[in-house]
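Let's take a walk through this fold, sheet by sheet. Have the coordinates open and follow along.

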Amino acid sequence: MKKILVCLLVAVLAIPTFAQSTEKDKSDSKAIAFSSRQGALITKVYYPLGNVKGVDFEVLLMIDELKLEKMACLRLKVYSSATDDDYIGTLDADEIDACVQSLNYIKDKMLPSTPVMYTECEYKSKDGIRMGAFSSTKGWSTFVYTKGYTSRSAKFLKEEDLPVIIEKLVNAKQKIAEVQK
């Protein structure tokens with residue numbers, strides 16, 4: 001009887017752990033939902049846009065061959081040598097303008113300032129991509145997290161890398177418009 005109670009107790013205590021792991025992987029991205037369709041034949045075509053200090057940018061075109069529907073998005077990929085894993089985040093096509101606007105605000109308004117207190121400013125996508133900047137005693141640093149729930153997906157960049165990231169986002173928007181025709 002004690003063994004059964006102990007097993008039951010362990011099982012009950014483990015439930016929140018499993019709930020948290022599925023919760024952290026939850027995405028509100030339309031592209032993730034499209035690619036996860038059940039009973040669909042999805043063709044995926046990848047268009048590389050280049051790399052910015054360890055962050056790979058690529059446009060993903062997905063075609064539902066049975067329904068003849070297309071959807072494209074921007075994927076960001078970071079390799080973690082600590083876990084020997086790739087961490088991939090998705091930015092829906094309709095999120096790119098807001099992300100570019102946010103990063104331009106950071107570039108034009110935040111980076112020229114010298115905050116007295118630690119300051120952070122970030123954009124977050126539906127899939128948990130986080131891009132932004134933070135101040136430190138050495139000035140501003142920029143960052144990209146492809147998965148907001150783990151620091152293993154983070155790349156910390158320099159202030160001067162932000163315009164290059166913005167350029168990649170603008171190129172992605174153009175490529176998405178081109179491939180969805």
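Two strands count as paired if DSSP finds at least two bridges between them. Strands themselves (E, at least two residues) and helices (H or I, at least four) are DSSP runs, numbered from the N terminus. Keep in mind that this is a predicted model, where local features need pLDDT of at least 70, side-chain atom pairs count only at pLDDT 80 or more, and totals for chains, interfaces and linings use all residues. Residues are numbered from 1 along each chain as its sequence is written, and side-chain values use heavy atoms, with hydrogens and water left out.

Start with β5 (residues 120-124) and β6 (residues 130-136), an antiparallel pair joined over 5 bridges. Across that pairing, Glu122 sits opposite Gly132 in β6. The hairpin they make has 5 residues between the strands, and there Gly128 takes a positive phi near 95°.

Zoom out, and that hairpin belongs to an open sheet of 4 strands, ordered β5-β6-β7-β8 with antiparallel pairing. At its edges are β5 and β8 (154-158), each pairing on one side only. Ignoring direction, neighbouring strands here are turned by 20° against each other on average (axes are lines fitted to C-alpha atoms, for helices over the stretch in contact, and angles run from 0 to 180 degrees between N-to-C directions). Further along, β7 (residues 139-145) and β8 also pair antiparallel, over 5 bridges, with Thr142 facing Leu157 in β8.

Now for the other sheet. It is open too, with 4 strands in the order β1-β2-β3-β4 and antiparallel pairing. β1 (42-52) and β4 each have a single partner strand, so one side of each is left without a neighbour in the sheet. From one strand to the next, the twist averages 25°. Some 10 bridges join β1 to β2 (residues 55-64), running antiparallel, and Tyr47 stands opposite Val59 in β2. Packed on this sheet is helix α4 (residues 162-179), which touches β1, β2, β3 (69-80) and β4, its direction making about 155° with that of β1. Contact here means heavy atoms within 4.5 Å.

Finally, look at Asp85, which lies in β4 (residues 85-92). Is Asp85 buried or exposed? Its relative accessible area is 36%, so Asp85 is partly exposed (buried is under 20%, exposed over 50%, partly exposed in between, with a 1.4 Å probe and protein chains only). Leaving aside neighbours within four places in sequence, Asp85 contacts Val78, Tyr79 and Ser80. Asp85 and Ser153 are 68 residues apart in sequence, yet 9.2 Å apart in space, C-alpha to C-alpha.
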